[in-house]
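Reader: I'm new to this and keep tripping over the vocabulary. Can we go through some of the labels together?

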Amino acid sequence: MKYKYIIPIIASSLMILASCDDNKMDWGKDPDHAAVTGAELPLELVEKISRYQPLKTYTDFVLGNGIGADLYMSDAAYRKIVNENFDEVTPGYAMKHGAMVNAKGEINFATIDAFIAETKKAGLKVFGHTLVWHSNQNASYLNGLIAPTVIPGSSGTNILDVAGLKSGAFTNWARNNPGKGISIVANSGLVSNSQAIQLASGAASAQPYSLQLTSPNIPIVAGHNYEISFYIKSDVTGKGRISFNASLVNQYPYKDWYNTGGSYTEAFATTSAWQQVKIKLAPGDFKAGSTTFQYNLDLGYLPNVTYLIDVNTIAVVDLDAVSGIVNLIPNGTFNSGITGWSQQNGAAGSLSLASAANSYEGSGAMKVVNATSTPTEQYKTQINGLFSSALVAGKSYTISYMIRSEAPGSVRCSTTPQSLANYQGDQATSTTWKLIEWKITGKGGETGFNFDLGAASGTYYIDNVVVTSGETAGGGVTAPINIEKTDAEKTKIIGDAMKDWISKMMTHYKTSVFAWDVVNEPMKEDGTLRTGNEGDTATDYFSWAKYLGKDYAVTAFKLARQNGNTTDKLFINDYNLESRLDKCDGLISYVTYIESQGGTVDGIGTQMHIGLTTDKDKIVQMFQKLAASGKLIKISELDVRLGTNAPTVAQQAAQAEMYQFVIDMYKKHIPVPQQYGITIWGVSDSVKEHEFWLPDESPNLWDANYVRKHAYKGAADGLAGKDVSKDFSGELVKP
């Protein structure tokens with residue numbers, strides 16, 4: 001048993017009282033603390049409270065504190081209280097997915113590593129909080145993993161005759177060497193309802209021309225550049241090339257087949273994933289006087305391979321022809337710089353040209369840096385583009401563009417001049433390229449439009465800007481295609497992301513963190529499992545259960561055990577268990593299910609964010625139910641809110657009594673072998689801690705100036721099992 005008695009020193013107590021009085025007089029002057037503190041406690045009670053020992057001396061089980069890691073590192077007074085009073089600390093936010101995982105999925109361990117190093121100096125243990133939750137996630141990154149794949153359209157009007165493919169008759173196409181067969185199959189292309197050319201190589205296929213499909217004649221305009229593109233995949237690893245008829249100087253050229261800036265090779269490789277082959281032909285590639293050319297799809301390198309080529313994406317484009325769709329924005333590809341675009345609002349230098357590496361396609365993109373975040377003033381960073389002709393009243397237009405941001409962001413468009421403005425709703429952006437379309441009806445006379453990027457700070461990249469009424473000049477341009485991932489693909493991707501996150505966290509902290517909240521808040525209030533369909537729209541919300549199902553927690557606990565220590569204590573944690581006993585029952589049942597599926601749950605955490613009116617009978621029943629589970633039981637986030645930042649003496653006494661009641665009932669109803677411990681959530685009532693969590697509720701044991709409250713006495717008496725102040729005699733009392 002730790003110390004249950006005090007070593008009171010009268011002189012020290014009087015000095016503390018004097019300083020407390022001084023602090024109380026100045027409370028309203030400190031901008032870091034609460035403006036008011038309510039009624040002052042009787043001096044006799046204040047003196048008694050000042051003479052109590054640190055809290056951890058009154059109990060044998062783990063006494064923890066939920067803290068802000070940054071505040072612990074930066075505030076010496078705060079750190080001193082934590083170090084003196086607690087055995088264990090739980091970082092409130094800094095250890096969560098949203099805090100540690102960046103836009104690329106990389107984990108930044110530096111902050112928590114420094115925090116753990118500092119807590120070790122004080123002899124504190126760190127409780128890992130939390131591995132899998134639905135809030136405080138890097139939702140932008142996770143949602144980006146399962147976002148639709150955006151397939152670029154062709155770079156201009158398709159001049160290749162594909163009618164024979166779409167009809168299935170192969171009119172004007174030649175199946176010179178059909179191998180096992182060349183045919184058109186429905187519903188096998190990039191999207192569920194699109195066609196594909198199916199080409200199957202024979203068992204003895206060894207030469208590229210052993211499986212060959214030849215295109216129709218394609219007209220050549222002297223001096224023009226051409227682009228050939230299509231999407232292809234194969235059932236097993238395959239290999240192919242494009243060869244040409246005698247119209248080309250080199251009929252078997254080596255190319256950078258995927259247009260990635262890589263090396264030039266004889267052939268391209270195919271896999272079970274769709275890939276775009278895209279090559280260019282320059283004027284010098286054609287023999288003088290040639291007026292047409294043909295190309296061959298040569299896929300006979302390997303035997304017993306079946307290839308699929310999407311019919312809707314096979315194209316040949318004259319890159320120097322007039323654009324098919326009439327685009328009212330003269331420079332929407334930024335391949336020739338940012339001519340025609342101007343910065344209207346924002347910090348100097350916000351607008352610049354991005355390189356090809358940061359473009360959606362082509363050689364450039366628009367780059368915009370918004371240095372400030374002003375959610376209701378999107379225009380504060382604003383980039384304007386001018387139309388080649390004014391909009392016509394009553395005519396329908398579509399403004400479309402590709403956009404991504406280096407972190408979760410926001411964009412909207414608005415037409416100019418302001419007197420004729422239309423405003424698009426705010427659109428979320430992420431690290432993944434996204435196609436955004438905005439349909440408007442012209443008021444008549446609009447001369448341009450803006451990208452308004454002032455709502456969220458960050459760096460944005462914009463490409464392929466098109467403003468059109470749908471009018472064409474000589475044919476249409478193939479639009480980008482959005483391909484949704486299947487449910488099975490999403491399950492695998494999110495499962496892999498969970499494995500990466502948990503395995504790396506457990507491995508990195510294997511020698512420094514030995515207890516974890518593995519799964520946090522899995523239950524709904526009625527005791528059923530959250531499914532991810534609860535309608536939460538917070539930007540940091542991501543439901544693992546939505547994609548991994550009921551067994552998401554099974555997987556999480558297995559991963560934590562496999563990658564951590566066999567002796568680590570692994571917890572499941574939830575709130576309102578004392579007010580919704582059906583939720584408590586549901587959580588216990590879920591623990592039973594997890595273990596029936598091979599997971600191991602060491603303990604259950606009950607948060608207990610409670611108030612003065614919380615039903616005490618239900619608190620007792622909750623502890624009884626939790627004890628019956630046989631698991632370690634932890635009060636994981638205890639605080640008692642008062643609903644005011646100016647509590648009366650009576651309210652402060654009631655708060656102290658509630659703290660003591662909860663601790664008394666925990667000790668009474670949870671058998672000692674099952675008592676992991678209690679974590680007090682937060683240190684003080686300072687706005688440093690309560691800007692967002694229970695502001696103006698005065699829930700903690702220290703006031704806004706780090707002075708012990710009546711609640712401190714209630715907690716200490718509960719831990720000690722008696723009114724410790726009755727031991728004071730005015731003389732030194734040996735422990």
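**Labels and what backs them**

Reader: Why is Cys 413 called buried?

Author: Buried means under 20% relative accessible area, exposed means over 50%, and partly exposed is in between (1.4 Å probe, protein chains only). Cys 413 has 0% relative accessibility, so it counts as buried. Cys 584 is buried too, because its relative accessible area is 0%. Before we go on: this is a predicted model, where local features need pLDDT of at least 70, side-chain atom pairs count only at pLDDT 80 or more, and totals for chains, interfaces and linings use all residues. Residues are numbered from 1 along each chain as its sequence is written, and side-chain values use heavy atoms, with hydrogens and water left out.

Reader: How many disulfides does a search of the whole structure find?

Author: Zero. To count, a pair of cysteine sulfur atoms would have to be within 2.5 Å.

Reader: What makes Asn 187 exposed?

Author: Its relative accessibility is 52%, so Asn 187 counts as exposed. Asn 304 has 40%, so that one counts as partly exposed. Asn 187 sits in the loop between strands E6 (181-185) and E7 (196-200), and Asn 304 in the loop between strands E15 (295-298) and E16 (306-310). Strands (E, at least two residues) are DSSP runs, numbered from the N terminus. Asn 187 has a positive phi near 55°, in a residue other than glycine, and phi of Asn 304 is near 55° as well.

Reader: Which label fits Gln 424, buried or exposed?

Author: Buried, because its relative accessible area is 6%. You'll find Gln 424 in the loop between strands E23 (409-416) and E24 (427-429). Its side chain makes a polar contact of 3.3 Å with the side chain of Tyr 401. That term needs a pair of N or O atoms within 3.5 Å; within protein, one must be able to donate a hydrogen and the other to accept it, and residues adjacent in sequence count only if both atoms are side-chain atoms. Pro 417 lies in that loop between E23 and E24 too, and a cis peptide bond with omega of about 0° joins Thr 416 to Pro 417.

Reader: How do you know that E3 and E29 pair?

Author: Two strands pair if DSSP finds at least two bridges between them. E3 (residues 125-132) and E29 (residues 513-520) have four bridges, in the parallel sense. Strand E2 (residues 88-91) also pairs with E3 in the parallel sense, over two bridges. Val 126 is the bridge partner of Val 89, and Val 126 also stands opposite Val 513 in E29.

Reader: What makes E3 mostly covered?

Author: Seven of its eight residues are buried. Thr 130 is placed in E3, and a cis peptide bond joins His 129 and Thr 130, with omega of about -5°.

Reader: How many cavities of 30 Å³ or more are there?

Author: Two. On a 1 Å grid over the protein atoms alone, a cavity is a set of points where a 1.4 Å probe fits but cannot get out, and lining residues have an atom within 4 Å of a point. The largest cavity holds about 90 Å³ of space. It is lined by 15 residues, and the closest to its centre are His 134, Arg 530, Ser 543, Ala 545 and Tyr 552.

Key:
1 Å grid on protein atoms, 1.4 Å probe; cavity = no way out; pocket = protein on both sides within 12 Å on 5 of 7 lines; lining within 4 Å. Points joined across faces, edges and corners; volume = space filled by probe spheres on them.
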